Structure formats: C-alpha cells, structure tokens
Amino acid sequence: MTKENIVIQSNNSKLMLQVNNDLTVEIQTNPEFDFLMNSNMVALGYGISPKTIRSHKMIHKDELIENIHFISRVEKTSPRSNLTNTQLLWTKAGVIRLGFFIKSERAKAFRDWAESIVLQASAPMAKNL
C-alpha cells in the first residue's frame, strides 16, 4: 500500500482501503481521530462476528476506553420520529487494541494492515517534529 492511498484529513468522508487480495474495508475519515471504523468493518477485518467485537468491548472495558478506542454516535432513525440508533465506531487505537484480544490467522493479517496504516499515516507528522 502506498502513502497516496492514505489520505486521512478530509472531514467524515468514506474511503475504501484494500487490506489484502480478498478484503477491502471502509473507513470514515474524522478530524479528531483520523479515521473511524464501524464494528461490522472491524469484525470483517478480523474474521469474527460483530457480536464478538461487542463482547470484547464488554469483557475488556478496563482497556477499551470511550473517546480513545471507540466512540458511540447516536443518530435519529427518522426526522419525524424520536427513535434513535447508536452506532459504535472504533478509532485507529481501538482497532489495534482489539487485535490484542483476537487470535486467528486473519486477525494477524489485519493487525499487520492496521499497523502499517497507522505508521504510514503518522509518518508525515513525525518528519515535522
């Protein structure tokens, strides 16, 4: 993956990034967290179910901290109703932290991808220090 594929400064746009030959994930750019991924995309990357992601969030609540590893976004389901939907979105730190708990071949490959994305995305900042 080249640095040109890692443009993470626009506000809340969606990007499709290829992890490997058989896996592409969608990320949402975010000015505060660089990028966010929903639980479905994180689960797809790690080769597990979204339920397992939610389970890890509960089991490891002492290590997975809101506004560092994940955020909860509440959205109205319809402008005419008071019904809301809460979406769990994972920060890049959260995607990596989850990887410590998930042990599978696909998880290993996804951790490698997440690591390279974070290191490549932060490389321009490191050069400016």
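Colleague: How many of the eight residues of α1 are buried?

Modeller: Six of the eight are buried, so α1 is largely enclosed by the rest of the structure. Keep in mind that this is a predicted model.

Colleague: Okay, which residues of α1 are the buried ones?

Modeller: They are Ser 39, Met 41, Val 42, Ala 43, Gly 45 and Tyr 46.

Colleague: What caps the N-terminal end of α1?

Modeller: Asn 38 does that job, with a side-chain oxygen 3.0 Å from the backbone nitrogen of Asn 40.

Colleague: And at the other end, which residue follows α1?

Modeller: That's Gly 47, and its phi is positive, near 75°.

Colleague: Let me zoom out for a second. How many helices and strands does the protein chain have?

Modeller: Four helices and five strands. Reading from the N terminus, the order is β-β-β-α-α-β-β-α-α.

Colleague: How much of the chain is buried?

Modeller: Of its 129 residues, 37% count as buried. The accessible surface comes to about 7900 Å², and carbon and sulfur atoms own 53% of that.

Colleague: What about contacts between residues far apart in sequence, what share do they have?

Modeller: If you take contacts with a separation of 6 or more, 50% of them involve residues 24 or more positions apart.

Colleague: Back to the side chains. How many aromatic pairs are there?

Modeller: Searching the whole structure turns up three. One of them is Tyr 46 with Phe 110, an edge-to-face pair at 4.6 Å centre to centre and 80° between the planes.

Colleague: Where do Tyr 46 and Phe 110 sit?

Modeller: Tyr 46 is in helix α1 (residues 39–46) and Phe 110 is in helix α4 (residues 105–127), so their pair ties together parts that are 64 residues apart in sequence. Tyr 46 is buried, and Phe 110 is too.

Colleague: How are the rings of Phe 70 and Trp 90 arranged?

Modeller: Their centres are 5.6 Å apart and their planes are at 55°, so that pair counts as tilted. Phe 70 belongs to strand β4 (residues 70–76) and Trp 90 to strand β5 (residues 84–91), so here the parts tied together are 20 residues apart in sequence. Phe 70 and Trp 90 are both buried.

Colleague: Which residues form an aromatic cluster?

Modeller: Tyr 46, Phe 110 and Trp 113 make up one.

Colleague: New topic: how many salt bridges are there?

Modeller: The count is three. In one of them, the side chains of Lys 92 and Asp 34 meet at 2.4 Å, N to O. That pair links distant parts of the chain, with Lys 92 in helix α3 (residues 92–99) and Asp 34 in strand β3 (residues 34–38), 58 residues apart.

Colleague: Are Lys 92 and Asp 34 buried or exposed?

Modeller: Lys 92 is buried, and so is Asp 34.

Colleague: Which residue does Arg 97 meet in a salt bridge?

Modeller: Glu 63, at 3.9 Å, N to O. This pair also links distant parts of the chain: Arg 97 is in helix α3, while Glu 63 is in the loop between α2 (50–59) and β4, 34 residues apart. Arg 97 is partly exposed, with a relative accessible area of 27%, and Glu 63 counts as partly exposed at 31%.

Colleague: How far apart in sequence are Glu 105 and Lys 108?

Modeller: Three residues, about one turn of helix α4, where both of them lie. Their side chains meet in a salt bridge at 3.0 Å, N to O. Glu 105 counts as exposed at 61% relative accessibility, whereas Lys 108 is partly exposed with a relative accessible area of 43%.

Colleague: You brought up α3 earlier. Which of its residues are buried?

Modeller: Lys 92, Gly 94, Val 95, Leu 98 and Gly 99. They cover an arc of only 165° around the axis, so they end up on the same side of α3.

Colleague: Last one, about Asn 30. Which strand is it found in?

Modeller: Asn 30 is in strand β2 (residues 23–30).

Colleague: And why does Asn 30 count as buried?

Modeller: Because its relative accessible area is 9%, and buried means under 20%. A polar atom of the Asn 30 side chain also lies 2.8 Å from the backbone nitrogen of Glu 32.

Key: Residues numbered from 1 in each chain as written. Predicted model: local features only at pLDDT ≥ 70, side-chain atom pairs only at ≥ 80, totals over all residues. Heavy atoms only, no water. Phe/Tyr/Trp six-rings, centres within 6.5 Å; stacked < 30°, edge-to-face > 60°. Helix = DSSP H or I, 4+ residues; strand = E, 2+ residues; numbered from the N terminus. Buried < 20%, exposed > 50% of the residue type's maximum accessible area, 1.4 Å probe, protein only. Polar contact = N/O pair within 3.5 Å; in protein donor to acceptor, adjacent residues only side chain to side chain. Contact = heavy atoms within 4.5 Å. Areas by Shrake-Rupley, 256 points an atom, 1.4 Å probe, with all protein chains shown as cover. Salt bridge = Lys/Arg side-chain N within 4 Å of Asp/Glu carboxyl O. Arc of directions from axis to C-beta.
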